[in-house]
Amino acid sequence: MNSEKNGFKKRIKSFGFAFTGLYELVKSEPNARIHLTATIFAVLGGFILRITNAEWCIIAIAIALVWAAEAFNTVIEKLVDHLFPEYHETARIAKDISAGAVLVCAIAALICGLIIFLPKLVLLTNF
């Protein structure tokens, strides 16, 4: 019984670490703040335009994909900067590829958002 309590406490503590990590991401990375703004607009837009459950799933996956990519990119950049304090061509390439992955995810999320929201916005402007 005691090991179950300790296991549960560890799980709760690990959620705390995860939320701290997200806070650090938003606090330290300007692009994460842009993603946060886009997330807020997408969620508010979803409520205002009453998107379907399937559309919510697509928006949620797109948002999660961008946030995960941004988090991994930040980790890669911080590790590379730590390991290579001086300029190193391989470090630059690793950081550029990581940033490119975020860009791919963000473009895909934007396309999903346009496909879902644009027709609904067009309908609103026709009335």
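## Exercises on a predicted helical model

The side chains of R92 and E89 meet in a salt bridge, with 2.5 Å from N to O. The model is predicted, so local features require pLDDT of at least 70 and side-chain atom pairs count only at pLDDT 80 or more, while totals for chains, interfaces and linings use all residues. Residues are numbered from 1 along each chain as its sequence is written, and side-chain values use heavy atoms, with hydrogens and water left out.

### Exercise 1. A charged network in helix 4

Task: Determine which residues are joined with R92 into one network by salt bridges that share partners.

Solution.
Step 1. The criterion is a side-chain nitrogen of Lys or Arg within 4 Å of a carboxyl oxygen of Asp or Glu. The R92 and E89 pair satisfies this criterion at 2.5 Å.
Step 2. R92 and E89 are three residues apart in helix 4, which places them about one helical turn from each other. Helices here are DSSP runs (H or I, at least four residues; strands are E, at least two), numbered from the N terminus.
Step 3. D96 also forms a salt bridge with R92, again with 2.5 Å from N to O. D96 and R92 are four residues apart in helix 4, and about one helical turn separates them.
Step 4. Salt bridges with shared partners therefore join E89, R92 and D96 into one network.
Step 5. An α-helix has 3.6 residues a turn, so residues three or four places apart point the same way.
Step 6. For accessibility, buried means under 20% relative accessible area, exposed over 50%, and partly exposed in between (1.4 Å probe, protein chains only). R92 at 34% is partly exposed, E89 at 37% is partly exposed, and D96 at 43% is partly exposed.

### Exercise 2. A salt bridge between distant parts of the sequence

Task: State how many residues apart in sequence the parts tied together by E29 and K78 are.

Solution.
Step 1. The side chains of E29 and K78 meet in a salt bridge at 3.7 Å, N to O.
Step 2. E29 lies in the loop between helix 1 (2-28) and helix 2, whereas K78 lies in helix 3, so the pair ties together parts that are 49 residues apart in sequence.
Step 3. E29 is buried, with a relative accessible area of 14%, and K78 is partly exposed at 46%.
Step 4. The count by the salt-bridge rule comes to six.

### Exercise 3. Helix 3 and a buried asparagine

Task: Compare the expected span of helix 3 with the distance between its end C-alpha atoms, and then describe the surroundings of N73.

Solution.
Step 1. The expected span of a helix is 1.5 Å times one less than its number of residues.
Step 2. For the 31 residues of helix 3 this gives 45 Å, and the end C-alpha atoms are 45 Å apart, which agrees.
Step 3. N73 belongs to helix 3 (residues 53-83) and is buried, at 5% relative accessible area. Other buried residues of helix 3 include I59, W67 and T74.
Step 4. Beyond its neighbours within four places in sequence, N73 is in contact (heavy atoms within 4.5 Å) with K95, S98, A99 and V102.

### Exercise 4. From helix 2 to helix 3

Task: Classify the geometry of the F47 and W56 rings, and characterise G46 and R50.

Solution.
Step 1. Rings of Phe, Tyr and Trp (its six-membered ring) pair if their centres lie within 6.5 Å; planes under 30 degrees apart count as stacked, over 60 as edge-to-face and the rest as tilted. A search of the whole structure finds one aromatic pair.
Step 2. The ring centres of F47 and W56 are 5.1 Å apart and the planes stand at 55°, so the pair is tilted.
Step 3. F47 is exposed at 58% relative accessible area, and W56 is partly exposed at 23%.
Step 4. G46, in helix 2, is buried at 1% relative accessibility. Leaving aside neighbours within four places in sequence, G46 is in contact with I51, W56 and F117. G46 and I59 are 13 residues apart in sequence, with 8.5 Å between their C-alpha atoms.
Step 5. R50 occupies the loop between helix 2 (30-48) and helix 3. R50 has a positive phi of about 50° although it is not a glycine, and is exposed at 72% relative accessibility.
Step 6. Most residues other than glycine have a negative phi.
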